[in-house]
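Hi,

Here is the structure I promised to pass on to you. Have a look at it first, and then read on for my notes.

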Amino acid sequence: SLRLGRRTVCDAALRERLEDASCRMLALPSLQSHVYASNTPWATVGILSRIEHRVTKSGQPCLMLTLSDLHRDRPSSVQVWLQGEACRVNARRVERGEVLAVLNPKILGNGMASRGICCQINKPDQLLRVGYAADLGRCAATSVHGDRCDVLVIKSLSSYCPGHHAQATSLITTERHDIMRNMPVPQARLPLHMQRKSASAPRPSAPPGAKLAVALG
């Protein structure tokens with residue numbers, strides 16, 4: 001579940017909006033398995049992680065919002081295209097870090113989304129501003145030129161975005177393998193009491209022509 005640092009609407013108001021729209025609330029990780037299998041109205045909620053201003057083929061302005069749960073390892077997201085009145089009303093209102101609910105959107109074909117689910121809304125009341133995510137920040141990674149990564153993260157879960165987190169984990173694993181590879185291989189040693197016996201007792205010599213008592217495989 002998403003943690004809110006500041007609310008815009010209360011739980012009761014959100015439930016009322018869902019009931020008015022006859023929508024079933026779905027978590028972002030569950031969208032893929034539900035929305036294509038059912039024609040019933042649905043809604044979802046996520047953190048606004050990316051805003052892109054676009055233009056349609058007919059030359060009309062539109063807005064593409066990416067809602068995410070900002071999971072540290074496997075984030076789930078949905079792309080929401082705002083067109084018509086929905087775009088006009090919300091183009092200058094929404095901002096990154098907001099928690100938004102999308103009500104009864106229209107699913108677009110799989111080819112419309114480069115990553116995951118893609119949907120479209122046309123009416124302003126299909127987008128509900130719920131509040132702002134708690135403990136939100138930017139990825140702590142910087143490029144070789146000193147530029148800060150601009151991806152949003154939940155700081156209590158990780159200081160790095162999924163890409164930089166995976167990169168750091170891979171680097172640590174590689175360094176550990178390099179260290180282990182360069183370490184000398186420890187030699188097997190007998191226990192102390194066996195060392196004393198083996199040092200004091202003479203080693204028996206095999207008689208000429210004797211065969212080994214074990215089979216060589």
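**What I found**

The protein exposes about 14,800 Å², and carbon and sulfur atoms supply 53% of that area. Please keep in mind as you read that this is a predicted model. Buried residues make up 32% of the 217 residues in the protein. The protein has 5 helices and 11 strands. If you take the contacts between residues at least 6 apart in sequence, 55% of them join residues at least 24 apart.

**The nonpolar cores**

As a bit of background, nonpolar side chains in soluble globular proteins tend to be buried together. Here, the largest nonpolar core has 21 residues, and Leu31, Leu65, Val78, Val80, Leu82 and Leu127 are those with the most contacts inside it. Which elements each supply at least two residues of this core? They are strand 3 (42-55), strand 4 (61-68), strand 5 (77-82), helix 3 (85-90), strand 6 (98-103) and strand 8 (117-121).

Apart from that core lies another one, of 15 residues, and Leu14, Val99, Val130 and Leu152 are among them.

Val78 is a good place to start if you want to click through the larger set, as it is one of the residues with the most contacts inside the largest core. Leaving aside residues up to four places away in sequence, Val78 touches Leu28, Leu31, Thr44, Leu65, Thr66, Leu67, Ile117 and Cys119.

Val130, which belongs to the 15-residue core, also turns up in a pairing across the chain: its C-alpha atom is separated by 7.8 Å from that of Cys10, although the two residues are 120 residues apart along the chain. Cys10 itself is found in the loop between strand 1 (4-7) and helix 1 (11-20). With a relative accessibility of 44%, Cys10 counts as partly exposed.

**Salt bridges**

Side chains of opposite charge can pair when their charged atoms come close. A search of the whole structure finds 8 salt bridges, and I would like to point you to a few of them.

One is formed by Arg129 and Glu98, with the closest N and O atoms 2.7 Å apart. Arg129 lies in strand 9 and Glu98 in strand 6, so this pair ties together parts that are 31 residues apart in sequence. Is Glu98 buried or exposed? Glu98 is buried, with a relative accessible area of 0%.

Another salt bridge brings together the side chains of Arg54 and Glu52, at 2.6 Å from N to O. Glu52 is buried, at 16% relative accessible area, whereas Arg54 is partly exposed, at 33%. There is a network here too: salt bridges that share partners join Arg50, Glu52 and Arg54.

The side chains of Asp73 and Arg72 also meet in a salt bridge, at 3.3 Å from N to O. Asp73 is partly exposed, with a relative accessible area of 36%, and Arg72 is partly exposed as well, with 33%.

**Cysteines**

You may wonder how many disulfides there are. The count comes to 0 disulfides. Why do Cys161 and Cys139 not make one? The sulfur of Cys161 is 3.8 Å from that of Cys139, its closest cysteine sulfur, which is too far for a bond, because a disulfide needs the two sulfur atoms within 2.5 Å. Cys161 is buried, with a relative accessible area of 7%.

The sulfur of Cys87 has its closest cysteine sulfur in Cys62, 6.3 Å away, and that is too far for a bond as well. Cys87 is buried, with a relative accessible area of 6%.

**Two backbone details**

Most residues other than glycine have a negative phi. Two residues to look at with this in mind are Asn104 and Asp135.

Phi of Asn104 is near 50°, a positive value in a residue other than glycine. Asn104 has its place in the loop between strand 6 and strand 7 (106-107), and at 36% relative accessibility it counts as partly exposed.

Asp135 is not a glycine either, yet it has a positive phi of about 55°. Asp135 is found in the loop between strand 9 (127-133) and strand 10 (136-138). At 33% relative accessibility, Asp135 counts as partly exposed.

Best wishes

Definitions and conventions:
Residues numbered from 1 in each chain as written. Predicted model: local features only at pLDDT ≥ 70, side-chain atom pairs only at ≥ 80, totals over all residues. Heavy atoms only, no water. Helix = DSSP H or I, 4+ residues; strand = E, 2+ residues; numbered from the N terminus. Buried < 20%, exposed > 50% of the residue type's maximum accessible area, 1.4 Å probe, protein only. Core = buried A, V, L, I, M, F, W, Y, C linked by side-chain atoms within 4.5 Å. Contact = heavy atoms within 4.5 Å. Areas by Shrake-Rupley, 256 points an atom, 1.4 Å probe, with all protein chains shown as cover. Salt bridge = Lys/Arg side-chain N within 4 Å of Asp/Glu carboxyl O.
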